[in-house]
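Colleague: I would like to go through this model with you. Please keep the answers plain.

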Amino acid sequence: MATTSKNHSEAPRAVDLDQFEGADVYQESDEHARVRGYFPLTPGMPNGTDAGAEESMIVCIEIEPGNYLPSHEDSNEELLVVTAGAVEATVGDDTIDLRAGQCAVVPEMVPHAISNTGEETAYVIGFFPNTELTATFDETLEPFGSAELAIGPVPPEDRGNGDEA
């Protein structure tokens, strides 16, 4: 497959994924349905930078021992990469154990959840093939007050203090 590169006006730069303070995300009905997440390459999102990608998105997730990211469906395929700790990923009807250095593919619109099964904080990065995503959870996700989250770049003129969701 041949590919063509786009001309970028900005020089590449490093983005420290572990330097972002994430937003606490949870479901009120279950004290263990709790993670910390952030979208570091999505301008206008909490803790996002202006180093936005044009055709991809990542989400960084921290999960404390015993906690989990609740079941949801994403509008895009997702590649889950565990960078630290141990998790159990449920994708559709299958459940697999993943540890640091392992990954799993989640097809578009397939329900999936991630549980920290280890004794240390787990870190997972989700890679998406474009810059817009709709994630639909089974229950309301706080602090958003909705079970459906539309995520994508915010135009520069609409960016405020970084509190947009």
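Colleague: In which order do the six strands of the open sheet stand?

Modeller: This is a predicted model, and its protein has 12 strands and zero helices. Six strands form an open sheet with antiparallel pairing. Their order is β7-β6-β9-β4-β11-β12.

Colleague: Which strands stand at the edges of that sheet?

Modeller: An edge strand here has a single partner strand, so one side of it is left without a neighbour in the sheet. Two strands fit this, with residues 94-99 in one and 146-151 in the other. They are β7 and β12.

Colleague: By how many degrees are neighbouring strands of this sheet turned against each other on average?

Modeller: The direction of the strands is ignored for this value. On average, the turn between neighbouring strands of the sheet is 25°.

Colleague: What is the bridge partner of Glu-88 in β7?

Modeller: Strand β6 covers residues 86-91, and six bridges join it to β7. The two strands run antiparallel. For Glu-88, the bridge partner in β7 is Asp-97.

Colleague: How many contacts does the stretch 161-165 have beyond near neighbours in sequence?

Modeller: The protein averages a pLDDT of 85, and 81% of the residues score at least 70. Over residues 1-5 the pLDDT is below 50, and that stretch has zero contacts beyond near neighbours in sequence. Residues 161-165 also have a pLDDT below 50, but the number of such contacts there is 11.

Colleague: What share of the protein's 165 residues counts as buried?

Modeller: A residue counts as buried when its relative accessible area is under 20%. Of the 165 residues, the share that counts as buried is 37%.

Terms used: Residues are numbered from 1 along each chain as its sequence is written. This is a predicted model: local features need pLDDT of at least 70, side-chain atom pairs count only at pLDDT 80 or more; totals for chains, interfaces and linings use all residues. Side-chain values use heavy atoms; hydrogens and water are left out. pLDDT is the predictor's confidence in each residue, from 0 to 100. Contact means heavy atoms within 4.5 Å. Two strands pair if DSSP finds at least two bridges between them. Helices (H or I, at least four residues) and strands (E, at least two) are DSSP runs, numbered from the N terminus. Axes are lines fitted to C-alpha atoms, for helices over the stretch in contact, and angles run from 0 to 180 degrees between N-to-C directions. Buried means under 20% relative accessible area, exposed over 50%, partly exposed in between (1.4 Å probe, protein chains only).
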